[in-house]
Amino acid sequence: MLSAILERLWLDVQGDRMDTRQVQENVDLLMDLIPQEDAGSWVPEQAWAEDAAAAVAYALRCRQNGQAQEAAWAARRAYEALDHFVIAKEGIDTNKAGAAQLVLAHPLVQAELLRQQRDLRELLAENQEDLLQVAQRMRQRAKVESEVIFQPKPR
């Protein structure tokens with residue numbers, strides 16, 4: 001369901017606009033997808049699921065109300081998903097001194113921050129080309145880059 005809603009949002013950005021009702025329905029569906037803390041025993045994937053659903057919900061709310069803060073929160077949740085992923089993947093003890101700096105310095109986290117900077121620069125470019133082309137390019141990069149990040153390495 002999350003993938004379908006994200007796909008619909010990309011189509012919206014590329015010109016196949018959702019109406020107000022559709023946007024709200026998707027926000028409501030996403031809120032139901034976010035795992036609740038009292039939903040049973042916690043597993044590491046729960047944090048990633050929450051971050052993913054929340055990021056898309058914030059992006060939809062930005063589409064709904066035009067508030068830049070919603071977009072910033074969406075980007076923050078993308079960063080937090082990688083933060084959680086790196087902590088789990090590397091077995092970082094977040095209670096130890098220097099853990100936050102270790103996570104921030106990780107190549108995956110740095111790559112995400114650079115991607116976000118690149119996308120913002122592109123969106124804010126003075127001689128910006130057609131926004132439709134920018135959206136298409138960003139969508140393709142997002143797909144390719146997410147596959148690279150979360151793809152298991154061959155043994």
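**Helices H6 and H7: a patch, a pocket and a network**

Good morning. The largest share of the nonpolar patch, three residues, comes from helix H6, which covers residues 107-124. Please keep in mind throughout that this is a predicted model.

Let me describe that patch in full. Leu120, Leu123, Leu124 and Leu131 together make a nonpolar area of about 410 Å² on the surface. One of these residues, leucine 131, lies in helix H7, residues 131-150. Is leucine 131 buried or exposed? The answer falls in between: its relative accessible area is 49%, so leucine 131 is partly exposed, given that exposed means over 50%.

I turn now to the pocket. The largest pocket has a volume of about 2,100 Å³. Helices H1 (2-13), H3 (44-65), H4 (68-90), H6 and H7 are the elements that each give two or more residues to its lining. Which of them gives the largest share? That is H7, with 15 residues. In total, 50 residues line the pocket, and those nearest its centre are Leu6, Trp10, Ala59, Ala78 and Ala142. By character, the lining holds 30 nonpolar, 15 charged and five polar residues.

My last topic is charge. Side chains of opposite charge can pair when their charged atoms come close. The structure holds 19 salt bridges, and I shall present three examples.

The first example is within a helix. Glutamate 25 pairs with arginine 21, with the closest N and O atoms 2.8 Å apart. These two residues are four positions apart in helix H2, residues 20-33, and therefore about one helical turn separates them. Glutamate 25 has a relative accessible area of 40%, so it is partly exposed.

The next example joins two helices. Arginine 141 forms a salt bridge with aspartate 119, again with 2.8 Å between the closest N and O atoms. Here distant parts of the chain are linked, since arginine 141 belongs to H7 and aspartate 119 to H6, 22 residues apart. Both arginine 141 and aspartate 119 are buried.

The final example is the salt bridge between arginine 137 and glutamate 122, at 2.7 Å from N to O. This pair also links distant parts of the chain, with arginine 137 in H7 and glutamate 122 in H6, 15 residues apart. At 31% relative accessibility arginine 137 is partly exposed, whereas glutamate 122, at 16%, is buried. Which residues do shared partners join into one network? They are Glu112, Arg115, Arg118, Asp119, Glu122, Arg137, Arg141 and Glu145.

Thank you for your attention.

Methods: Residues numbered from 1 in each chain as written. Predicted model: local features only at pLDDT ≥ 70, side-chain atom pairs only at ≥ 80, totals over all residues. Heavy atoms only, no water. Patch = residues over 30% accessible without salt bridge, like charges linked within 9 Å, V, L, I, M, F, W, Y side chains within 5 Å. Areas by Shrake-Rupley, 256 points an atom, 1.4 Å probe, with all protein chains shown as cover. Salt bridge = Lys/Arg side-chain N within 4 Å of Asp/Glu carboxyl O. Buried < 20%, exposed > 50% of the residue type's maximum accessible area, 1.4 Å probe, protein only. 1 Å grid on protein atoms, 1.4 Å probe; cavity = no way out; pocket = protein on both sides within 12 Å on 5 of 7 lines; lining within 4 Å. Points joined across faces, edges and corners; volume = space filled by probe spheres on them. Nonpolar A, V, L, I, M, F, W, Y, C, P; charged D, E, K, R; others polar.
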